[in-house]
Amino acid sequence: MNGTRNLIGPIAIAAYSYMALVPVIQPPIIRLLTTKEERLIKMGAPRMVNKTEKIMFPIVGLILTTFISPTALPLLGMLFFGNIIKESGVVKRLQNTASNPLIDIVTIVLGLTVGASTQASVFLTASSIKIFALGAASFCVATAGGLLRVGCA
């Protein structure tokens, strides 16, 4: 466990870096794998999703997460809980707090804890560079796979 514990900081920083770099990483891949005509296609409006579906999605997702990956339950459970708060419409004040000031506070605290727990001796190693390289490669492959519809019928 100690070996993986030292990698949590680099993994978190890599994940946030990829999210921030989406506008930099994806456009060249999209331009490479699509034609100009495809990029000019206007998407139609999505179908209307009724209230029952919006409420059932987080409940079913929570149950499936419990069976498939119980260790991911705290993270995905909070995601699903947020969806239920938003879609129920019953707790407006809690919904407003969770979607505005609370998310800002949590982001700051998360950034501080990751930054404080990651020393340069742990961060600047061959393992962390491999994490960045493999993560960037997987991000590029996932983008290309989505464009090429790999695995879809």
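Is Glu-53 buried, partly exposed or exposed, and what is its relative accessible area? Glu-53 is partly exposed, at 32%. The legends below describe close-up views of a predicted model.

**View 1. Glu-53 and Arg-47 form a salt bridge.** Side chains of opposite charge can pair when their charged atoms come close. Here the closest N and O atoms are 3.0 Å apart. Arg-47 has a relative accessible area of 57%, so Arg-47 counts as exposed. Glu-53, at 32%, is partly exposed. A search of the whole structure finds two salt bridges.

**View 2. Lys-86 and Glu-87 meet in a salt bridge.** The N to O distance is 3.7 Å. Glu-87 is buried, because its relative accessible area is 16% and the cut-off for buried is under 20%. Lys-86 also touches Gln-95.

**View 3. Tyr-18 and Phe-139 form an aromatic pair.** A search of the whole structure finds two aromatic pairs. In the pair of Tyr-18 and Phe-139, the ring centres are 6.3 Å apart and the planes are at 20 degrees, so the pair is stacked. The two rings come from distant parts of the chain, 121 residues apart. Tyr-18 sits in helix H2 (residues 8-20), and Phe-139 in helix H10 (residues 126-148). Tyr-18 counts as buried, with 13% relative accessibility.

**View 4. Phe-57 and Phe-80 form an edge-to-face pair.** A pair of aromatic rings is described by the distance of the centres and the angle of the planes. For Phe-57 and Phe-80, the values are 6.0 Å centre to centre and 80 degrees between the planes. Phe-57 lies in helix H5 and Phe-80 in helix H6 (residues 73-88), so the pair ties together parts 23 residues apart in sequence. The partners differ in exposure: Phe-57 is exposed, at 52%, whereas Phe-80 is buried, at 8%.

**View 5. Helix H2 has a set of buried residues.** They are Gly-9, Pro-10, Ala-12, Ala-14 and Tyr-18. Which helices do the buried residues of H2 pack against? They pack against helix H3 (22-33), helix H8 (101-116), helix H9 (120-123) and H10. The length of H2 can be checked too. At 1.5 Å a residue, its 13 residues should span 18 Å. The end C-alpha atoms of H2 are 18 Å apart, which agrees.

**View 6. Nonpolar residues make a surface patch of about 700 Å².** The patch is made by Met-56, Ile-59, Val-60, Ile-63, Leu-64, Phe-67 and Ile-68. One of these residues, Leu-64, is found in helix H5 (residues 51-68). Leu-64 is partly exposed, with a relative accessible area of 46%. An α-helix has 3.6 residues a turn, so residues three or four places apart point the same way.

**View 7. Ile-85 and Gln-95 are in contact.** Ile-85 is found in helix H6. Gln-95 is found in helix H7 (residues 92-99). Are these two residues buried or exposed? Ile-85 counts as buried, at 9% relative accessibility. Gln-95 is buried as well, with a relative accessible area of 18%. Leaving out residues up to four places away in sequence, Ile-85 touches Val-91, Leu-94 and Gln-95. On the same basis, Gln-95 touches Ile-85 and Lys-86. Pro-101 gives another reference point: Ile-85 and Pro-101 are 16 residues apart in sequence and 16 Å apart in space, C-alpha to C-alpha.

Key
Residues are numbered from 1 along each chain as its sequence is written. This is a predicted model: local features need pLDDT of at least 70, side-chain atom pairs count only at pLDDT 80 or more; totals for chains, interfaces and linings use all residues. Side-chain values use heavy atoms; hydrogens and water are left out. Patches are made of residues with over 30% relative accessible area and no salt bridge: like charges are joined within 9 Å, nonpolar side chains (Val, Leu, Ile, Met, Phe, Trp, Tyr) within 5 Å. Accessible areas come from the Shrake-Rupley method with a 1.4 Å probe; for residues, only the protein chains shown count as cover. A salt bridge is a side-chain nitrogen of Lys or Arg within 4 Å of a carboxyl oxygen of Asp or Glu. Helices (H or I, at least four residues) and strands (E, at least two) are DSSP runs, numbered from the N terminus. Buried means under 20% relative accessible area, exposed over 50%, partly exposed in between (1.4 Å probe, protein chains only). Contact means heavy atoms within 4.5 Å. Rings of Phe, Tyr and Trp (its six-membered ring) pair if their centres lie within 6.5 Å; planes under 30 degrees apart count as stacked, over 60 as edge-to-face and the rest as tilted. The expected span of a helix is 1.5 Å times one less than its number of residues.
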